[in-house]
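Please open the structure in your viewer and keep the selection tool at hand. We shall go from stop to stop, selecting a few residues each time and looking at what surrounds them.

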Amino acid sequence: MEKLVVTGPTPLKGEVVISGAKNAAVALLPATLLIDGVCTIENLPNISDIKISCEILEKLGAKITWNNKNSITIDTTNITTTTAPLDLTSKFRASYYIIGAMLGRKGEIEVGMPGGCKLGARPIDQHIKGFEMLGATVNLDRGTIYAKADKLKGAPVYMDIVSVGATINVMLSAVLAEGTTTIDNAAKEPHIVDVANFLNTMGADIRGAGTDVIKINGVKKLHGNATYSVVPDQIEAGTFMLAAVATRGDLTLKNCITKHLESITAKIVEVGGNVEDYGDSIRVWCDKRPSGANIKTLPYPGFPTDLQPQMGVVLSMANGTSRINESIWDSRFQYTQELNKMGAKITAEGKNAFFEGVEKLHGAPVYSSDLRAGAALVVAGTAAEGVTEIYNLEHIDRGYENIEEKFRKIGAKIERVTE
Ligand code: EPU
């Protein structure tokens with residue numbers, strides 16, 4: 001079993017280069033199934049979710065060449081099966097994008113129910129509703145999804161809730177459909193714009209991504225023959241911004257899009273941190289104890305749920321009381337129990353967590369319950385006094401490239417140890 005051993009406290013100082021966005025990359029890879037040809041994707045984060053995505057694509061017939069650890073060339077000319085490997089698709093959430101892409105490419109797919117972080121109920125009814133509006137039939141039987149369409153036809157799709165996954169999935173299924181699809185009440189996250197930009201680079205006709213109405217005019221074919229670079233990771237950047245505040249450090253993040261970080265910047269300034277915005281890089285520093293604040297997680301451009309646990313670390317050590325209202329997921333406060341083992345005073349009740357700020361956290365053995373909880377514990381361990389041992393690293397490795405190396409470069413005393 002592996003664990004991260006962090007000895008703190010260390011004010012993190014220096015530069016971090018932000019990787020490509022996990023939640024964009026895990027959609028771009030299935031999107032290549034719509035291309036009858038070859039394309040190159042660069043700035044891919046080197047994380048386990050990407051390795052599994054590549055394995056799934058290879059099992060479907062794609063040929064993948066790794067140009068370096070962050071770039072692949074993928075040939076999707078011959079897709080040889082419409083059955084996705086159930087053991088691999090159940091390992092992560094974004095495997096549901098295989099459905100939209102394969103409905104578009106082959107009109108058929110059999111795939112296991114997606115896995116991923118356990119954050120409470122994670123239904124896919126809005127994805128299914130969208131596919132059905134375009135003419136597909138979708139059946140679920142003992143954990144397997146069977147989707148089929150003789151011919152997909154563009155249609156208006158209204159999303160009952162704002163869903164990142166359903167917006168992207170319906171967009172994927174509509175790219176090669178006959179006629180026009182509109183997605184109303186679409187999600188607006190940066191990764192949605194990135195997937196639309198990627199598909200448009202390959203010949204699709206998608207307009208309005210990044211607003212709440214997306215219009216997709218179906219095209220006959222995507223041509224490939226292009227190179228695309230994945231958008232910088234908003235959540236990785238936000239994690240380091242909050243790490244700078246939690247450790248009272250001074251970090252400059254390179255390769256980020258600061259426009260995507262505005263809600264985080266606003267909260268950092270509110271709690272007493274400092275931010276200098278250079279457009280494609282950002283400096284964050286904090287030289288005093290942050291003050292308490294209230295946060296509500298919301299779809300983009302609101303404060304992201306995927307940074308809620310990292311913000312929780314800052315608030316656990318703030319001067320005063322704070323409240324976080326988690327409006328996206330039912331079960332995203334599991335990390336608070338771990339922070340309490342480190343001396344925090346947090347009470348989680350349903351969708352709210354109440355923080356009574358303590359002056360210091362102390363090291364303890366802690367367990368990451370999901371990806372962002374794991375990242376939050378790394379931040380907490382760096383800020384805390386003494387030794388923190390973090391277990392269940394498989395969650396962290398799904399979404400952060402080389403987390404310990406990046407933290408070590410900015411001064412953290414962190415080692416990966418095999419027990
Ligand atoms: N929802 C439904 N029905 C659906 C789809 C979603 O009720 O058909 C609900 C969900 O239960 C949730 C809300 O709608 O309450 C939003 O879910 P969404 O579909 O937006 O989430 P997702 O696509 O499954 C992605 C990210 C998550 C991130 C959320 C919200 C990927 C692979 N995952 O999930 O990322 O928390 O959007 O921004 O893109 C993470 O990276 O750690 C992570 C969990």
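The tour below moves through cores, sheets and cysteines, and ends at a serine.

Before selecting anything, note that this is a predicted model, in which local features need pLDDT of at least 70 and side-chain atom pairs count only at pLDDT 80 or more, while totals for chains, interfaces and linings use all residues. Residues are numbered from 1 along each chain as its sequence is written, and side-chain values use heavy atoms, with hydrogens and water left out.

**Stop 1: the cores**

Select Phe198 and Leu199, which have the most contacts inside the largest nonpolar core, a group of 79 residues. A nonpolar core is a set of buried Ala, Val, Leu, Ile, Met, Phe, Trp, Tyr and Cys residues joined through side-chain atoms within 4.5 Å; buried means under 20% relative accessible area, exposed over 50%, and partly exposed in between, with a 1.4 Å probe and protein chains only. Now add helix 1 (residues 22-31), which gives the most to this core, with 7 residues; helices (H or I, at least four residues) and strands (E, at least two) are DSSP runs, numbered from the N terminus. In soluble globular proteins, nonpolar side chains tend to be buried together.

Which residues does Phe198 touch, not counting residues up to four places away in sequence? Phe198 touches Leu28, Ala31, Thr32, Ile35, Cys39, Ile41 and Tyr228, where contact means heavy atoms within 4.5 Å. Apart from the largest core lies another one, of 65 residues, and Leu261, Ala293, Phe355 and Val358 are among them.

**Stop 2: a sheet and two helices**

Show the 4 strands that form an open sheet with mixed pairing, in the order 4-5-3-13; two strands pair if DSSP finds at least two bridges between them. Strand 4 (63-68) and strand 13 (226-229) stand at the edges, each with a single partner strand, so one side of each is left without a neighbour in the sheet. Strand 4 and strand 5 (residues 71-75) run antiparallel and are joined by 5 bridges, and if you select Trp66 you will find that it stands opposite Ile72 in strand 5.

Next, select helix 2 (residues 48-59), which packs on the sheet, touching strand 4 and strand 5, with its direction at about 145° to that of strand 4; axes are lines fitted to C-alpha atoms, for helices over the stretch in contact, and angles run from 0 to 180 degrees between N-to-C directions. Helix 7 (residues 190-201) also packs on the sheet, touching strand 3 (38-42) and strand 13, and its direction makes about 170° with that of strand 13.

**Stop 3: a further sheet**

Move to the open sheet of 4 strands in the order 21-22-1-23, with mixed pairing. Strand 1 (residues 2-8) and strand 23 run antiparallel, joined by 6 bridges, and Val6 stands opposite Ile414 in strand 23.

**Stop 4: the cysteines**

How many disulfides does the structure hold? There are 0 disulfides, a disulfide being a pair of cysteine sulfur atoms within 2.5 Å. Select Cys54, whose sulfur is 11 Å from the closest cysteine sulfur, in Cys39, too far for a bond; Cys54 is buried, with a relative accessible area of 3%.

**Stop 5: a serine**

Finally, select Ser281, which lies in strand 16 (residues 281-285) and is buried, with a relative accessible area of 7%.
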